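Welcome, and take your time with the exercises below. Each sets a short task and then works through a solution step by step.

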Amino acid sequence: MLEIGPQHPMDYRQEILKPFFRYVEGTESFYVVGAASMGKTRLLDFLTRADVQKYYLGEHTDHHWLIRVDLNRLAVKKEEWGFYELLLNSILLDLSNHENIDNLNTEIAKLDSEILQNRDSRLASRFFELVVIKLCQVHQLKLCFLFDEFDEAYKSFPRETFLQLRAVRDANKNRVSFALFLRDLPEHLRPPTDNESFYELLSRNRIGLGPYTRQDALRMIQQLEARREYPLSPEQRGKLFDASGGHPGLIQALMSTLIDTPHASDKLDAAGWMEWLSRQPAAVEECRKIWNGLSEEEREGLSAFVAGNFSKISVPVGNLLITKGLLRANDQGAQFFSGIFERYVKSLR
């Protein structure tokens, strides 16, 4: 992914990528949970780069394959064979990043084509299992499947699909793991008893995808400045960070507001700049997207927090809001990640 402006250094999003690659190296399944517009796609683009994997995995890089499985590419939503075809096709796409050992491209492409022709779930699952066994046991590779946009799939896939994934993992123990990218907790999406054997693989391994650190946020702002040819002063960048709290979607919304509003720099440098930004349509719309992407429990928790009714926030909900970075722990307890989002939540009361 070509970046315009300052490039991401290897320590970009390290608060997330350090535990992420620790799980990958240990072949442990896990899940990453974050709110809307939190920069998940940019993170996935970054962590699948060869130089980034080399940085975190070192000499073991060549033995670890991170296979990105984008559920938006699932052509047939309600047919189980379609999921296994997507898994095989994702392996096929990932092969372009590696040496074509034993002509695997041709072999997997033929299996993928046969699945598309037959549309048989049992055949598709067996082909997937066969390819994984060959990669893991013949070529001694470790595979981590990155399931992107997985909320709906986790909620609706048949129980048998998760049993099969668990079986493939057990047949290749210490060589296969799964990473789920979600907006909600797995136990909220589906009762753990409904897919218990798969759920127990990852239930204790959670990573929160929150807003950017100040360093990463300022770098993103400078990239937007270069891309949009709209330079800001260091003080203005700092205000943009303070207003957005480092939320990638809010940063872009606020930057668009500055570019599209005449004399916006004067407003940003004047008293009441935060209040002015919070009223702008782009900022309100981004806050609405964040809010609508939350569960009812999370919304109730944030409403209780802004009203000062802290006793009404359960410990699990409070922990989840902090994990997602929507609330930030401080010496007094916690605070909203963004003054603009706090104003939005107050406006809903």
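The model shown here is predicted, so keep that in mind as you work.

**Exercise 1. Decide whether Arg-119 is buried or exposed, and say where it lies.**

Step 1. Take the cut-off for an exposed residue, which is over 50% relative accessible area.

Step 2. Arg-119 has 53% relative accessibility, so it counts as exposed.

Step 3. Find its place: Arg-119 belongs to the loop between helix 5 (104-118) and helix 6 (121-138).

Step 4. Look at the backbone as well. Arg-119 is not a glycine, yet its phi is positive, near 55 degrees.

**Exercise 2. Work out whether Arg-13 is buried or exposed, and describe its backbone.**

Step 1. Begin with the location, which is the segment before helix 1.

Step 2. The cut-off for a buried residue is under 20%. Arg-13 has 0% relative accessibility, so it counts as buried.

Step 3. Turn to phi: Arg-13 has a positive value of about 55 degrees, although it is not a glycine.

**Exercise 3. Describe strand 1 (residues 30-34): how many of its residues are buried, and which strands pair with it?**

Step 1. Count the buried residues. Five of the five are buried, so strand 1 is largely enclosed by the rest of the structure.

Step 2. Recall a general pattern: side chains in a regular strand alternate between the two faces of the sheet.

Step 3. Sort the residues by direction. Phe-30, Val-32 and Gly-34 point one way, while Tyr-31 and Val-33 point the other way.

Step 4. Look for partners. Strand 4 (residues 176-182) runs parallel to strand 1 and is joined to it by four bridges. Strand 5 (residues 206-209) also pairs with strand 1 in the parallel sense, over four bridges.

Step 5. Follow one residue across. Tyr-31 has Leu-180 as its bridge partner in strand 4, and in strand 5 it stands opposite Arg-206.

**Exercise 4. Find what the side chain of Thr-27 reaches, and place this residue in the chain.**

Step 1. Thr-27 sits in the loop between helix 1 (14-25) and strand 1.

Step 2. Its relative accessibility is 10%, so Thr-27 counts as buried.

Step 3. The side chain of Thr-27 reaches the backbone oxygen of Asn-174 at 3.4 Å.

Step 4. Neighbours within four places in sequence are left aside here; Thr-27 is then in contact with Lys-142, Asn-174, Arg-175, Val-176 and Ser-177.

**Exercise 5. Do the same for Lys-324: where does it lie, and what does its side chain reach?**

Step 1. Lys-324 is in the loop between helix 18 (315-323) and strand 6 (327-330).

Step 2. With 0% relative accessibility, Lys-324 counts as buried.

Step 3. Its side chain reaches the backbone oxygen of Arg-183 at 2.5 Å.

Step 4. Beyond its neighbours within four places in sequence, the contacts of Lys-324 include Val-33 and Gly-34. Both of these residues belong to the buried set of strand 1.

**Exercise 6. Find how many disulfides there are, and check Cys-136 and Cys-144.**

Step 1. The count of disulfides is zero.

Step 2. A disulfide needs two cysteine sulfur atoms within 2.5 Å. For Cys-136, the nearest cysteine sulfur is that of Cys-144, 11 Å away, and Cys-136 is in no disulfide.

Step 3. Check from the other side: Cys-144 is in no disulfide either, and the nearest cysteine sulfur, that of Cys-136, is 11 Å away.

Step 4. Compare with burial. Cys-136 is buried, with a relative accessible area of 0%, and Cys-144 is buried at 3%.

**Exercise 7. Classify the ring pair of Phe-83 and Tyr-84.**

Step 1. Start with the total, which is 28 aromatic pairs.

Step 2. The ring centres of Phe-83 and Tyr-84 are 5.8 Å apart and their planes are at 50 degrees, so the pair is tilted.

Step 3. Both Phe-83 and Tyr-84 are buried.

Step 4. Widen the view: ring pairs link these two into a cluster whose members include Phe-128, Phe-145 and Tyr-154.

**Exercise 8. Describe helix 13 (residues 248-260) and name some of what covers it.**

Step 1. Helix 13 has 13 residues and reaches 18 Å from its first C-alpha to its last, close to the 18 Å expected.

Step 2. Its buried residues include Leu-250, Leu-254 and Leu-258.

Step 3. Among the elements covering the buried residues of helix 13 are helix 11 (214-228), helix 16 (281-292) and helix 19 (339-347).

Key:
Residues numbered from 1 in each chain as written. Predicted model: local features only at pLDDT ≥ 70, side-chain atom pairs only at ≥ 80, totals over all residues. Heavy atoms only, no water. Helix = DSSP H or I, 4+ residues; strand = E, 2+ residues; numbered from the N terminus. Expected span 1.5 Å × (residues − 1). Buried < 20%, exposed > 50% of the residue type's maximum accessible area, 1.4 Å probe, protein only. Contact = heavy atoms within 4.5 Å. Phe/Tyr/Trp six-rings, centres within 6.5 Å; stacked < 30°, edge-to-face > 60°. Pairing = 2+ DSSP bridges. Polar contact = N/O pair within 3.5 Å; in protein donor to acceptor, adjacent residues only side chain to side chain.
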